[in-house]
Amino acid sequence: MHDAPATPASLAVPSVEPPKGSEMDSPEGATVRSEQKYRKFLKSLIRKQPRDLLLVIGTGVSAAVAPGIPALCSWRSCIEAVLGAAEQLEVLHPGDVAEFRKKVAKERDLLVVAHDLIRKMSPRTGDTKPNFFQDCLMEVFDNLEQHIQNPVVLQSILRLMERGTMVLTTNYDNLLEIFGQQQGKPMESLDLKDKDKVLQWARGHVKYGVLHIHGLYTDPCGMVLDPSGYKDVTQDPEVMEVLQNLYRTKSFLFLGCGETLRDQIFQALFLYTVKNKVDLEHYMLVLKENEDHFFKLQADMLLHGIKVVSYGDCFQQFPEYVQDLTAQICKQRSPDADRVDSTTLLGTSCVDCAKRKLGESGTDSPKRIKESDMPSLE
């Protein structure tokens, strides 16, 4: 699930040059290209200030960024990849591998399967750090940075973060943090169990922090697959208050989040604990494969205060849509952008004023101040 509708809207999405050999080269592709060119955005979304948004990143983002790693594409793919690694490393009995594969094929609640798999490959004593499960994850997610093929979505997310957008994810991977560090950003991966960091992040003091509500693959003992694992968090009134306040005061924008609203931890933190959700304004980008299903989902989600928006009818349109949506949001002027504090910023119209001040401060021959020396207002 990931998209945006052809309903109320504003500026058109520019056409995107498709990769050679793609379906976009066909006559049918020309129609898709034409439709994409005139796709519109919801004005209520593109008029949001970046600092008023909170991005919720799901597996669809990882799948778009690193398509070469199947384990990043979905829960099912991730569990299958871990089972494959366990089989290759011979850390799980062949009979257990076969049994888990049957469960993956028929079980709807894959979080339960993943939880059982972790238990199976971990020591039985208390909270001892998992052993073979960690080895399997390292095998599956080895050298993530080498698999970043399409960084468009990550570039868009970083652009929003630079302007104050907050980010949380249900993913175990740290692709965003890796990419951000490559761009020179002081990225931080945050865990819900670190109360002090969570409070700082929720209050807007960790600009490049990414909150992993399920934990991170590099720390398997910190990975949590059901709300009971976060009992201390959900029972801490201070933490719950600041997190729920985000859901009440920010507009959550769900990117690549097919199963997030069914996620028990997300439900425990936000969905079922915040009242009067119908009064809120959140957004979810989804793929519109089936028209009837899409419009039913759209109606159902409004009851949760979530506007479902289609980014197109094929997943390949997702990165470009996010890129163009980000461009539109970042074009919005901040309400206080025109307010210039003379003690900190100098607008180009204040050059003469600056000269006078330099003269008044006792400088006999003040240097000429060029426009190029002025701080940027962006």
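This is a short talk about how helix α7 packs in this model, with a quick stop at Thr 326.

Okay, so one thing up front: we're looking at a predicted model.

Let's start with a pair of helices. In general, you describe two packed helices by the angle between their axes and the distance between those axes. Here the pair is α4, residues 75-89, and α7, residues 132-140, and they pack at about 110° with their axes 9 Å apart. Angles from 65 to 115 degrees count as roughly perpendicular, so that's what we call α4 and α7.

Who's doing the touching? On the α4 side you've got Ala 81, Val 82, Ala 85, Ala 86 and Leu 89. Coming from α7, there's Phe 133, Asp 135, Cys 136, Leu 137, Glu 139 and Val 140. Sort the residues of that contact by type and you get 9 nonpolar, 2 charged and no polar.

Now stay on α7. Which of its residues are buried? They're Phe 133, Gln 134, Cys 136, Leu 137 and Val 140. If you look down the axis of α7, those buried residues fall within an arc of 160°, so they line one face of the helix. That fits the textbook picture: an α-helix has 3.6 residues a turn, so residues three or four places apart point the same way. And what do the buried residues of α7 pack against? That would be α4 and also α6, which is 110-120.

Last stop, Thr 326. You'll find Thr 326 in helix α15, residues 318-330. Its relative accessibility is 3%, so it counts as buried. Skip the neighbours within four places in sequence, and Thr 326 is in contact with Ser 156, Arg 159 and Leu 160.

Technical notes. Residues numbered from 1 in each chain as written. Predicted model: local features only at pLDDT ≥ 70, side-chain atom pairs only at ≥ 80, totals over all residues. Heavy atoms only, no water. Axes fitted to C-alpha atoms, helices over the stretch in contact; angles between N-to-C directions. Helix = DSSP H or I, 4+ residues; strand = E, 2+ residues; numbered from the N terminus. Parallel < 35°, antiparallel > 145°, perpendicular 65-115°, else oblique. Contact = heavy atoms within 4.5 Å. Nonpolar A, V, L, I, M, F, W, Y, C, P; charged D, E, K, R; others polar. Buried < 20%, exposed > 50% of the residue type's maximum accessible area, 1.4 Å probe, protein only. Arc of directions from axis to C-beta.
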